[in-house]
Structure formats: structure tokens, C-alpha cells
Amino acid sequence: MYLLVNVLEQTQHLSGILEGFARIGIQGSTVLDSTGMGRVLMKTSASLPVMEQINKVLKDLETSNKIMLTVIREKVVLEQAVDVIRSFCGDLNEPGKGILFAFPLELVEGLPQTD
């Protein structure tokens, strides 16, 4: 099993991504409101060299983002889930697109049983 973590900057894509997850058999995902370091520093008027670049990227974005936590049983479904996210968000290496990462899980309890 795997935990897929997606920090979604373009929150308008949230429902589309979750619908895509349902189509590939993912039964649930936890969605949390979050605020990134750049936004916090911007609100505190921090004066750091990197802040000028961050301000340019964040100007047109929402004031918060979403973190999606999704437990996925099979690697093939993990890969499909990443494809769903990319289909909405594009290249995550571009600024303002968000990030995602996944790692294997040692222990999981409380998931519905599959047939």
C-alpha cells in the first residue's frame, strides 16, 4: 500500500481530481486546507531575496491550497492517480502547480475490505 500526498495549488481542480480518483477505483481521500511557507512569509511581510519570486507566483493564486491524502492499495492504481492529477494540473515542475509525493506504508487499519 502507498500514501499519495498531493499539495494542490489550483484548488478549482479538486472535484475533478476526486471524480477521476473514483473512476479508477479509489474509494476515499482526505482533503485538508493548508497554507504554504511562501504565503505565510508574504503575510508577515518578510524581507528575503526569494520573496520577490514567491510574490510573483502567488499573486494570482488562491489564499490557501489543499492537501489530499490518499491511501492506495496497488502501485498501478498509484500511477493512475498521479496521471489523473497531471491531467488537471499539468507539469508539476512548473511554479504554482503544487507538489506530490508517495511512499510505501507499513501498517494500515480501517480501510474498507475489497472483494
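Phenylalanine 103 is partly exposed in this predicted model, with a relative accessible area of 36%. Phenylalanine 101 is also partly exposed, at 38%. The structure holds one aromatic pair, and these two residues form it: phenylalanine 101 and phenylalanine 103 are stacked, with 6.2 Å from centre to centre and 15° between the planes. The pair is called stacked because planes under 30 degrees apart fall in that class.

The fold around this pair can be read from the order of its elements. The protein chain has four helices and four strands, and along the sequence they follow the pattern β-α-β-α-α-β-α-β. Of the contacts in the protein chain with a separation of 6 or more, 82% join residues that are 24 or more positions apart. Buried residues make up 32% of the 115 residues. The protein chain exposes about 7500 Å², and carbon and sulfur atoms supply 53% of that area.

Several residues show how distant parts of the sequence meet. Phenylalanine 21 lies in helix 1. Its relative accessible area is 2%, so phenylalanine 21 is buried. Not counting residues up to four places away in sequence, phenylalanine 21 touches Leu4, Ile26, Ser29, Met68, Thr70, Ala81, Val84 and Ile85. Aspartate 83 is 62 residues from phenylalanine 21 in sequence, while their C-alpha atoms are 10.0 Å apart in space.

Serine 34 is another buried residue, with 14% relative accessibility. Serine 34 lies in strand 2. Leaving out residues up to four places away in sequence, serine 34 touches Ser64, Asn65, Lys66 and Ile67. Of these partners, Asn65, Lys66 and Ile67 fall within the range of strand 3, residues 65–72.

Strand 3 also takes part in the largest pocket, which has a volume of about 310 Å³. How is such a space located? Rolling a probe the size of a water molecule over the atoms shows where empty space is left. The largest pocket is lined by 17 residues, and those nearest its centre are Gly25, Ile26, Gln27, Val71 and Arg73. Strand 3 gives the largest share of this lining, three residues. Sorted by class, the lining has nine nonpolar, six polar and two charged residues.

Two residues that bear on this region can be followed further. Glutamine 27, one of the residues nearest the centre of the pocket, has its place in the loop between helix 1 (14–23) and strand 2 (30–34). Glutamine 27 counts as exposed because its relative accessibility is 61%, and the cut-off for exposed is over 50%. Glutamine 27 and threonine 70 are 43 residues apart in sequence, and the distance between their C-alpha atoms is 9.2 Å. Threonine 70 appears as well among the residues that phenylalanine 21 touches.

Val71, also listed among the residues nearest the pocket centre, leads to the end of the chain. Valine 108 touches Val71 and Met1, not counting residues up to four places away in sequence. The place of valine 108 is in the segment after strand 4 (98–104). Valine 108 is partly exposed, with a relative accessible area of 28%. Methionine 1 and valine 108 are 107 residues apart along the chain, yet 8.1 Å separates their C-alpha atoms.

How values were computed
Residues are numbered from 1 along each chain as its sequence is written. This is a predicted model: local features need pLDDT of at least 70, side-chain atom pairs count only at pLDDT 80 or more; totals for chains, interfaces and linings use all residues. Side-chain values use heavy atoms; hydrogens and water are left out. Rings of Phe, Tyr and Trp (its six-membered ring) pair if their centres lie within 6.5 Å; planes under 30 degrees apart count as stacked, over 60 as edge-to-face and the rest as tilted. Buried means under 20% relative accessible area, exposed over 50%, partly exposed in between (1.4 Å probe, protein chains only). Helices (H or I, at least four residues) and strands (E, at least two) are DSSP runs, numbered from the N terminus. Contact means heavy atoms within 4.5 Å. Accessible areas come from the Shrake-Rupley method with a 1.4 Å probe; for residues, only the protein chains shown count as cover. On a 1 Å grid over the protein atoms alone, a cavity is a set of points where a 1.4 Å probe fits but cannot get out, and a pocket is an open set with protein on both sides within 12 Å along at least five of seven lines; lining residues have an atom within 4 Å of a point. Grid points are joined across faces, edges and corners, and a volume is the space filled by probe spheres set on the points. Ala, Val, Leu, Ile, Met, Phe, Trp, Tyr, Cys and Pro count as nonpolar, Asp, Glu, Lys and Arg as charged, and the others, Gly among them, as polar.
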